[in-house]
Amino acid sequence: MAQPPQARSALVILALVVVGHCLLGHTEATDFIVGDAGGWKFNVIDWPNGKSFKAGDVLGKTSGDLSERKTIYSFAVFNYAAGSHNVVSVTEAGYDQCLPFDGKVYTSGKDRITLVKGDNYFICSFPGHCAANIKIKVTAT
């Protein structure tokens, strides 16, 4: 039994809506290696300059060559020798004053952190490290 033209049109429209939703719903995050090849180190403060970040991007760990990754969510590295630095997610005041203010502390040397919309602040809380610019402000849209 043949379907009336209206039913076929409705099915085509529904199929297009479903495909469009699937395509728009899966956006890729960007790979970020914090501090690039040098990692989380002294004078990393300017590393975010010129980069575009989105809420949901992950600053975190991965294995293998990032250029070969084909997954929906990509990962990067807060890379440092565990025990020589840490990463603390702080408030703007904590960032400005180099004080952790009860921020979440990461210590693995390959720390994974998801960005939230707006300003994200990170410092190293080891004595003198934040003052030596082991800190970054990342703004995610």
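**Disulfide, strand pairing and nonpolar cores in a predicted model**

A disulfide joins Cys98 to Cys130, with 2.1 Å between the two sulfur atoms. The structure in which this bond appears is a predicted model, and the count of disulfides in it comes to one. In general terms, such a link is a covalent bond between the sulfur atoms of two cysteines. The torsion about the S-S bond of Cys98 and Cys130 is about -70°, and the disulfide is therefore left-handed. Distant parts of the chain are linked in this way, since Cys98 belongs to the loop between α2 (92–97) and β5 (104–106), whereas Cys130 belongs to the loop between β8 (118–123) and β9, the two cysteines being 32 residues apart.

The two partners of the bond differ in their burial class: Cys98 has a relative accessibility of 24% and so counts as partly exposed, while Cys130, at 4%, counts as buried. A further cysteine, Cys124, takes part in no disulfide, and the cysteine sulfur nearest to its own, that of Cys130, lies 8.2 Å away. Cys124 has a relative accessible area of 1% and is therefore buried, the limit for this class being under 20%. The surroundings of the bond also include helix α2, in which Asp96 is found. Asp96 is exposed because its relative accessible area, 51%, is over 50%. Between the C-alpha atoms of Asp96 and Cys130 the distance is 9.5 Å, although 34 residues separate them in sequence.

Considered as a whole, the protein chain contains two helices and nine strands, and these elements follow one another from the N terminus in the order α-β-β-β-β-α-β-β-β-β-β. The chain has 141 residues, of which 33% count as buried, and its accessible surface amounts to about 8,600 Å², with 58% of this area belonging to carbon and sulfur atoms. Among the contacts with a separation of 6 or more, 66% are made by residues that stand 24 or more positions apart.

Strand β8 pairs with strands on the evidence of two sets of bridges. Three bridges connect it, in antiparallel fashion, to strand β4 (residues 87–90), and within this pairing Val90 has Tyr121 of β8 as its bridge partner. With β9, strand β8 forms six bridges, again in the antiparallel sense, and here Phe122 stands opposite Ile136.

Phe122 and Ile136 are also among the residues with the most contacts inside the largest nonpolar core, a group of 19 residues in which Trp40, Phe78 and Val87 are the others so listed. Strand β9 (residues 135–140) supplies the largest share of this core, namely three residues. When residues up to four places away in sequence are set aside, Ile136 touches Val34, Trp40, Val44, Ile45, Trp47, Pro48, Phe78, Tyr95, Asn120, Tyr121 and Phe122. Another core, of six residues, lies apart from the largest one and includes Val88, Tyr95, Ile123 and Cys130. Cys130, the buried partner in the disulfide, thus belongs to this second core.

Two asparagines were examined in their surroundings. Asn120, which lies in strand β8, has a relative accessibility of 7% and so counts as buried. Its side chain reaches two backbone oxygens, that of Val116 at 2.9 Å and that of Gly118 at 3.1 Å. Beyond four places in sequence, Asn120 touches Leu115, Ile136, Lys137, Val138 and Ala140.

Asn86 is located in the loop between β3 (77–79) and β4, and a relative accessibility of 5% means that Asn86, too, counts as buried. The side chain of Asn86 makes a polar contact of 2.8 Å with the side chain of Ser125. With neighbours within four places in sequence left aside, the residues in contact with Asn86 are Trp40, Tyr80, Val105, Tyr106, Thr107, Ile123, Cys124, Ser125 and Phe126. This list contains Trp40, one of the residues with the most contacts inside the largest core, as well as Ile123, a member of the second core, and Cys124, the cysteine that is in no disulfide.

Methods. Residues are numbered from 1 along each chain as its sequence is written. This is a predicted model: local features need pLDDT of at least 70, side-chain atom pairs count only at pLDDT 80 or more; totals for chains, interfaces and linings use all residues. Side-chain values use heavy atoms; hydrogens and water are left out. A nonpolar core is a set of buried Ala, Val, Leu, Ile, Met, Phe, Trp, Tyr and Cys residues joined through side-chain atoms within 4.5 Å. Buried means under 20% relative accessible area, exposed over 50%, partly exposed in between (1.4 Å probe, protein chains only). Helices (H or I, at least four residues) and strands (E, at least two) are DSSP runs, numbered from the N terminus. Contact means heavy atoms within 4.5 Å. A disulfide is a pair of cysteine sulfur atoms within 2.5 Å. Accessible areas come from the Shrake-Rupley method with a 1.4 Å probe; for residues, only the protein chains shown count as cover. A polar contact is a pair of N or O atoms within 3.5 Å; within protein, one must be able to donate a hydrogen and the other to accept it, and residues adjacent in sequence count only if both atoms are side-chain atoms. Two strands pair if DSSP finds at least two bridges between them.
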